[in-house]
Amino acid sequence: MKKENWIEDIIGTADNIGRAEASTDLFTGIQSRLRGKVVQLKQVPARTVWLAAASLALLVALNFIVITQTTRQTETTAAAPYSLTDSNLNLY
Amino acid sequence: MSGAAPEILLEEIRRGNEKALQQLFLQLKDTVFNVSLGYTANREDAEEITQDVFVEVFHSANSFKGDSSVKTWVCRIAINKSLDYLRFKKRKKRFAILTSLFSKETGEVKYHQPDFNHPGVTLEDKEKAGYLFAAIEKLPENQRTAFILLKMEGLSQREAAETMQINEKALESLFQRAKQNLRKELAGIYNELK
């Protein structure tokens, strides 16, 4: 019985909890967080973004060209010994 | 604009009007703060969450569809932010759980949350409220939300159900289960104390 009363007493504490008031100063923090984000966005101008995108595209294109050329060269070098053998065989 | 309805203020916030955000903040700050306090029982944490909520309101004003009141929508953001904050804190404390459960001096189990600092609790009720919040912390998230909204925030059944996006019958069931589980938790605490 004592235990039950204690439990009900603790649950009843919820009714005694007063409504707390939030400080109006909190809005200053909200404003600075909002401004912080805006400043961050302003720090990267559109021109820089386009320049970075163009550089990246150029880098990808150059890589593509180099890789394709290297592959072609490798194929040519790999095919060469057979043709030499063929021509050698023709000599005999 | 000071007495403007939240719906009108939100329309202005959509256009990036910070003055309208300030007005909405003044209208709803105590609701958001008290909901957050229900979860965290700590003034500093609740203040942090309150700020997060209004920053989110500013950035997500366009996503408000108008299918509930602005107050309900803001309240929902407060609940989600509070739960996110608690999950984040839980992750941080995961490795320290064992050490924080036991006091160094006696080895006895501690039931008071170490950072319990609820401004709405009087000094004489502080100990009891500490036990209550320790038990609330153990409840599943939806039961905890039902208990906080109905019992602590004093919302009506309809408002709380709308905030949780469930029907009133489901809310009542969650609330009853929350009370049952609280009794179980508190019984455990009572046995440890005696």
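Here are some exercises with worked solutions on a predicted model of two chains, A and B.

**Exercise 1. The shape of chain A**

Find out how many helices and strands chain A has, and what share of its residues is buried.

*Solution.*
Step 1: Count the elements. Chain A has 3 helices and 0 strands.
Step 2: Follow the sequence from its start. The pattern reads α-α-α.
Step 3: Turn to burial. Chain A has 92 residues, and 15% of them count as buried.

**Exercise 2. Where the two chains meet**

Describe the interface of chain A and chain B: how many residues are in contact, and how much area is buried?

*Solution.*
Step 1: Begin with the contacts. On one side stand 29 residues of chain A, and they are in contact with 44 residues of chain B.
Step 2: Consider the area. The size of an interface is often given as the accessible area lost when the parts come together. Here the two chains bury about 3,400 Å² between them, and 66% of that lies on carbon and sulfur atoms.
Step 3: Look for polar links. The interface of chain A and chain B holds 15 residue pairs in polar contact, both residues being at pLDDT 80 or more.
Step 4: See which helices of chain A take part. Both α1 (2–16) and α2 (26–42) of chain A supply at least two residues each to the side that touches chain B. The largest share, 12 residues, comes from α1(A).
Step 5: Sort the residues on this side of chain A by kind. They divide into 12 nonpolar, 7 polar and 10 charged.

**Exercise 3. Salt bridges across the interface**

Find how many salt bridges cross the interface of chain A and chain B, and look at two of them.

*Solution.*
Step 1: Recall the idea. Side chains of opposite charge can pair when their charged atoms come close.
Step 2: Count. There are 7 salt bridges across the interface of chain A and chain B, while the whole structure, over all chains, has 16.
Step 3: Take A:Glu8 and B:Arg183, whose side chains meet at 2.7 Å, N to O. This pair crosses from helix α1 of chain A to helix α9 (residues 168–193) of chain B.
Step 4: Check how open the partners are. Partly exposed means a value between 20% and 50%, so A:Glu8 at 37% relative accessibility belongs there, and B:Arg183 at 29% does too.
Step 5: Take A:Arg33 and B:Glu48, which form a salt bridge at 3.6 Å, N to O. These two residues also belong to a network of salt bridges that includes B:Asp52.

**Exercise 4. Salt bridges within chain B**

Which parts of chain B are linked by the salt bridges B:Glu56 to B:Lys81 and B:Arg87 to B:Glu141?

*Solution.*
Step 1: Start with B:Glu56 and B:Lys81, whose closest N and O atoms are 3.3 Å apart. B:Glu56 sits in helix α3 and B:Lys81 in helix α4 of chain B, so the pair ties together parts 25 residues apart in sequence.
Step 2: Add the exposure. B:Glu56 is partly exposed at 28%, and B:Lys81 is partly exposed at 23%.
Step 3: Move on to B:Arg87 and B:Glu141, where the closest N and O atoms are 2.9 Å apart. B:Arg87 is in helix α4 and B:Glu141 in helix α7 (residues 141–152) of chain B, 54 residues apart.

**Exercise 5. Helix α3 of chain B and the loops around it**

Work out how far helix α3 of chain B reaches, what caps its N-terminal end, and whether B:Ala41 and B:Asn62 are buried or exposed.

*Solution.*
Step 1: Helix α3 (residues 43–60) of chain B has 18 residues and spans 25 Å from first to last C-alpha, close to the 26 Å expected.
Step 2: The cap is B:Asn42, which has a side-chain oxygen 3.0 Å from the backbone nitrogen of B:Glu44.
Step 3: Pick out the buried residues of α3(B); among them are B:Ile49, B:Val53 and B:Phe54.
Step 4: In the loop between α2 (18–40) and α3 of chain B lies B:Ala41. Its phi is near 55 degrees, a positive value in a residue other than glycine. With a relative accessible area of 0%, B:Ala41 is buried.
Step 5: B:Asn62 lies in the loop between α3 and α4 (70–93) of chain B. At a relative accessible area of 61%, B:Asn62 is exposed.

Key: Residues are numbered from 1 along each chain as its sequence is written. Chains are lettered from A and ligands numbered from 1 in the order in which they are written. This is a predicted model: local features need pLDDT of at least 70, side-chain atom pairs count only at pLDDT 80 or more; totals for chains, interfaces and linings use all residues. Side-chain values use heavy atoms; hydrogens and water are left out. Contact means heavy atoms within 4.5 Å. Buried area is the accessible area (1.4 Å probe) that two parts lose on being put together, summed over both. A salt bridge is a side-chain nitrogen of Lys or Arg within 4 Å of a carboxyl oxygen of Asp or Glu. A polar contact is a pair of N or O atoms within 3.5 Å; within protein, one must be able to donate a hydrogen and the other to accept it, and residues adjacent in sequence count only if both atoms are side-chain atoms. Helices (H or I, at least four residues) and strands (E, at least two) are DSSP runs, numbered from the N terminus. Ala, Val, Leu, Ile, Met, Phe, Trp, Tyr, Cys and Pro count as nonpolar, Asp, Glu, Lys and Arg as charged, and the others, Gly among them, as polar. The expected span of a helix is 1.5 Å times one less than its number of residues. Buried means under 20% relative accessible area, exposed over 50%, partly exposed in between (1.4 Å probe, protein chains only).
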